[in-house]
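Here is my note on the model, set out as numbered points. Please read them with the structure open.

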Amino acid sequence: MSSTHGKVRNQNSSSRSLALLGGISADVFLRDYWQKKPLLIRNAIHDFVAPLSKKEVLTLARRDDAESRLITRDTNMWRIEHGPFSARDFRPPKTILWTVLVQDVQHFSHEAHELLENFNFIPQARIDDLMVSYAVAGAGVGPHFDSYDVFLLQGSGRRRWQISSQKDLRLKADLPLKVLSHFKPTEEFILNTGDMLYLPPSVAHNGIAETECLTWSVGFRAPSTQELSMAFLDYLRDSLQLPGQYADRDLKSTRHPAKIDIAMQRRFVNLLDGVRNVSRSKAAIRQFTGCYLTEPKTHVVFETPEMPLSSDAFGKLAMRHGLELDLKTRVLYDDEHVFINGEAKTAIGGVRAILRELADRRSLTASGIAKFESGPTLAFLYQCYCDGVLAIGRH
Ligand code: SIN
Ligand code: CO
């Protein structure tokens, strides 16, 4: 299997055996391992060329638009700091073991985005991010568990992974990061460049750098009920428009002026009925789902073109070079809507068809655009270009 910057070619079919999954098909992987048990895949990406070098990762951790953390350990003293960092932060004393982690690397590198695309057999809606860590020999972030599915792909160097099926997930108190109090590894593997370990949520694990190393983590979100419900309540707060107002034309005089009486409680129940109805509405939940799943993280900023093309020039260039989504853009769709970066669009006809294609493939060829060409479609795409959602193709 050939590879370029970690992109494995020709692997769309869900029933064909995939080198990425150690020779099993996506269907078998999903049936037997996904969310069920760990899988170690030797040589998942043969001749793996990492999207970024150590130097590029450390440079990324110095940017203020990237989310990065520096975890240091001095015997039993753990510290966590948040970026952006300066070069000096990466020269701690020799006795200190340190790891730098950068989230959402796919926002900064086309090659990193291509690496993510190897996992397209899983719906994009589940993808959280591609994270990279650089660790000096001996370093790690301690035994812990994550609440998402993760593929840990070894870049340069070697890492020892210890995993455990333990149910005891209690954490050490008073530490700035999540470290298990009683980690009892049941299996252990040394991963070399191109090897990959899949872990379902809540599997205890501990990665120790055998040599200085880069590890790429493809994380898939699995939100907790609490997290999802809080997000839904935020969504309702922003979108609810309910009619009516408190009224008590039947008010009776009282001898207990501080008392909230039954009549008043009933009026509140009736007023709040609207919230209950909306929160049960399938249409509202469908719309929330797409908005939630495409909502950019708080630190993400979309850059709009400094000198935007005119709409005519945009149309001509799009017809010649195609279009591609900005690396930070998330587009998903359901039967009714297309969701772009947290907003629901009710696109119809050609606009809908083109957006669906763009969402699935993240780019459109010139001929793909010509197929759908129409005034409203180009106008819609031009607006997306002005908003920094997409750009003229690079090729
Ligand atoms: C790391 O890359 O150091 C940590 C990844 C993880 O354990 O999830
Ligand atoms: Co982890």
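1. Pro 84 is found in the loop between strand 7 (77-82) and strand 8, and the peptide bond that leads to Pro 84 from Gly 83 is cis, with omega near 5°. Helices (H or I, at least four residues) and strands (E, at least two) are DSSP runs, numbered from the N terminus.

2. This is a predicted model, in which local features need pLDDT of at least 70 and side-chain atom pairs count only at pLDDT 80 or more, whereas totals for chains, interfaces and linings use all residues. Residues are numbered from 1 along each chain as its sequence is written, chains are lettered from A and ligands numbered from 1 in the order in which they are written, and side-chain values use heavy atoms, with hydrogens and water left out.

3. Asp 104 lies in the loop between strand 8 and helix 3, and has a positive phi of about 50° although it is not a glycine. Asp 104 also forms a salt bridge (a side-chain nitrogen of Lys or Arg within 4 Å of a carboxyl oxygen of Asp or Glu) with Lys 297, where the closest N and O atoms are 3.1 Å apart. This pair links distant parts of the chain, 193 residues apart, with Lys 297 in the loop between helix 6 (282-294) and helix 7 (311-321). By the rule just given, the count comes to 18 salt bridges.

4. Which side chains have an N or O atom close to an oxygen atom of ligand 1, counting pairs within 3.5 Å as polar contacts? Such an atom of Ser 133 is 2.7 Å from a ligand oxygen, while the distance is 3.1 Å for His 144 and 3.2 Å for His 205. The protein covers 97% of the 260 Å² of accessible area that ligand 1 has on its own (Shrake-Rupley method, 1.4 Å probe).

5. The shell around ligand 1 (residues with a heavy atom within 4 Å) has five nonpolar, five polar and two charged residues, among them Trp 161, Asp 146 and Arg 159. Strand 9 (127-135), strand 11 (159-164) and strand 15 (213-220) are the elements that give two or more residues to this shell.

Note on methods
Polar contact = N/O pair within 3.5 Å; in protein donor to acceptor, adjacent residues only side chain to side chain. Nonpolar A, V, L, I, M, F, W, Y, C, P; charged D, E, K, R; others polar.
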